[in-house]
Amino acid sequence: RQENMMYVFLIIAGIILQIVGADILVKQGICFAKTTKNSMFNTAILLGISGAAGWNIVNAILCGEQHQTQNVMTTSVMGSLFMILLILGVCAMTGKMKIPRGTMEREFSYLIIVAIVVLYLSADYLFHGKRAVRVVSRVDGIILIIFFIYYIYMTGKITRKMVKDNENVKIESALLLKCGCSIVVIICGSLLLSCGWNGMKNAISLPVSEGVVDYSAAIMMGVLPALWISVFAWKQGKQDYVIGNVIGCSIVNLTIVVGAAAVISPIMVSVSEIYDMIALCCSAVCVWIFAYKNNELQRIHGCVMATMFVAYVVYRIL
């Protein structure tokens with residue numbers, strides 16, 4: 001009984017640390033954008049990648065070293081699906097969500113390309129016959145890491161240009177220190193949450209199958225930091241921060257997270273995970289179509305996106 005209470009404490013402490021870290025990261029990110037004259041969107045990409053996706057990167061490396069990469073693909077793909085459909089969908093349901101045309105043509109289009117590449121590398125048998133193995137190999141992992149490096153390079157190049165064009169920019173060391181501390185707090189919170197959840201799962205017999213428990217946990221672990229960051233950014237009225245966080249974290253999940261785990265230990269991909277990737281590609285294209293015409297997501301779009309996500313998750317669990 002005392003052991004179970006300890007696991008509950010770890011879960012609660014982990015969630016609190018994630019929330020505190022996300023709140024600090026958003027506030028400092030807004031200050032960083034104003035100080036450097038950088039766009040809120042690019043700031044959210046850089047900080048959101050480090051904070052929200054930082055734990056996923058650490059977890060992927062640990063899973064690869066332990067040769068337990070079976071949940072990495074589920075966490076990455078379903079986490080991206082959650083962020084694209086549910087986070088953006090719920091935000092759009094509360095009011096119109098502006099998405100600049102340039103963002104749709106560059107970053108969101110790149111996200112769609114990355115999703116298709118991950119599907120192609122994972123589902124070789126779709127293109128080469130059923131004898132091909134469903135696996136993300138070390139070579140595939142290197143390819144995905146290259147996609148990540150290129151994305152970071154282009155984002156950093158744009159950010160550097162914006163900072164360079166403003167001669168009076170002076171970044172205080174305290175600001176950078178607070179951003180770094182908030183990222184560490186988020187990752188530590190995720191670690192506590194993961195330890196508490198795994199301990200609770202092993203100590204208590206739940207009235208559902210182990211696959212459902214692992215599947216639900218994979219989604220929860222992969223999206224909570226990004227969810228908290230999006231919530232606090234939305235409360236601050238920073239739509240660009242939400243969009244940058246969602247797109248940046250999704251690309252990171254599909255490139256460096258999957259890629260790093262695959263380079264250390266190749267990932268065997270199940271048929272159900274192939275369905276997840278197909279759903280992700282189709283959903284990303286739908287959102288792109290919704291937002292491209294008028295440069296915004298409307299309430300009806302948000303309702304459709306949220307419904308799509310809930311329906312698919314229920315279908316997968318059943």
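Biologist: How much space lies in the second largest pocket?

Modeller: About 170 Å³ of space lies in that second largest pocket, and I should say at the outset that this is a predicted model, so every value I quote is computed from predicted coordinates.

Biologist: Which residues line the second largest pocket?

Modeller: The lining consists of Asn42, Arg106, Glu107, Tyr110, Tyr150, Tyr151, Met154, Thr155 and Ile158. Sorted by class, that lining has 5 nonpolar, 2 polar and 2 charged residues.

Biologist: And which element gives the most to that lining?

Modeller: Helix α7 does, with 5 residues. Two elements, α5 (101–122) and α7 (138–164), each supply at least two residues of the lining.

Biologist: Some of those are tyrosines, so let me ask about rings. How many aromatic pairs does the count come to?

Modeller: The count comes to 6 aromatic pairs. In one of them, Phe82 and Phe309, the ring centres are 5.4 Å apart and the planes stand at 80 degrees, which is over the 60 degrees needed, so the pair is edge-to-face. Phe82 belongs to helix α4 and Phe309 to helix α12 (residues 299–317), so that the pair links distant parts of the chain, 227 residues apart.

Biologist: Are Phe82 and Phe309 buried or exposed?

Modeller: Both Phe82 and Phe309 are buried.

Biologist: Back to the pocket tyrosines, then: why is the pair of Tyr110 and Phe147 called tilted?

Modeller: The planes of Tyr110 and Phe147 are at 45 degrees, with the ring centres 6.2 Å apart, and because that angle is neither under 30 nor over 60 degrees the pair counts as tilted. This pair also links distant parts of the chain, with Tyr110 in helix α5 and Phe147 in helix α7, 37 residues apart.

Biologist: Where do those two sit in terms of burial, buried or partly exposed?

Modeller: Tyr110 is buried, with a relative accessible area of 12%, whereas Phe147, at 22% relative accessibility, counts as partly exposed. The cut-off for buried is under 20%, so Phe147 falls outside it.

Biologist: Which residues form one aromatic cluster with Tyr110?

Modeller: Phe147, Tyr150 and Tyr151 form one cluster with Tyr110. Tyr110, Tyr150 and Tyr151 are also among the residues that line the second largest pocket.

Biologist: Switching to closed space: how many cavities of 30 Å³ or more does a search of the whole structure find?

Modeller: The search finds 1 cavity of 30 Å³ or more, and about 40 Å³ of space lies in the largest cavity. The residues lining the largest cavity are Asn56, Asn59, Ala60, Val72, Thr75, Ser76 and Val257, and the elements giving two or more residues to that lining are α3 (54–65) and α4 (72–93).

Biologist: What classes of residue does the lining of the largest cavity have?

Modeller: It has 3 nonpolar and 4 polar residues, with no charged residues in the lining of the largest cavity.

Biologist: Speaking of charge, what about Glu273, is it buried or exposed?

Modeller: Glu273 lies in helix α11 (residues 271–292), and with a relative accessible area of 4% it is buried, because that value is under 20%. Setting aside neighbours within four places in sequence, Glu273 is in contact with Gln70, Met73, Thr74 and Met268.

Biologist: Where is Asn295 found, just to move along the chain?

Modeller: Asn295 is found in the loop between α11 and β4 (296–297). Although Asn295 is not a glycine, it has a positive phi of about 60 degrees, and at 26% relative accessibility Asn295 counts as partly exposed.

Biologist: And Trp197, how far is it from Ile11 in space?

Modeller: The C-alpha to C-alpha distance between Trp197 and Ile11 is 6.5 Å, although the two are 186 residues apart in sequence. Trp197 lies in helix α8 (residues 173–203) and counts as partly exposed at 23% relative accessibility.

Biologist: To zoom out, how many helices and strands does the chain have?

Modeller: The chain has 12 helices and 4 strands, and of its 318 residues 51% count as buried. Among contacts between residues at least 6 apart in sequence, 87% join residues at least 24 apart.

Biologist: What does the accessible surface of the chain come to?

Modeller: The accessible surface comes to about 14,800 Å², of which 66% belongs to carbon and sulfur atoms.

Methods:
Residues numbered from 1 in each chain as written. Predicted model: local features only at pLDDT ≥ 70, side-chain atom pairs only at ≥ 80, totals over all residues. Heavy atoms only, no water. Buried < 20%, exposed > 50% of the residue type's maximum accessible area, 1.4 Å probe, protein only. Contact = heavy atoms within 4.5 Å. Areas by Shrake-Rupley, 256 points an atom, 1.4 Å probe, with all protein chains shown as cover. 1 Å grid on protein atoms, 1.4 Å probe; cavity = no way out; pocket = protein on both sides within 12 Å on 5 of 7 lines; lining within 4 Å. Points joined across faces, edges and corners; volume = space filled by probe spheres on them. Nonpolar A, V, L, I, M, F, W, Y, C, P; charged D, E, K, R; others polar. Phe/Tyr/Trp six-rings, centres within 6.5 Å; stacked < 30°, edge-to-face > 60°.
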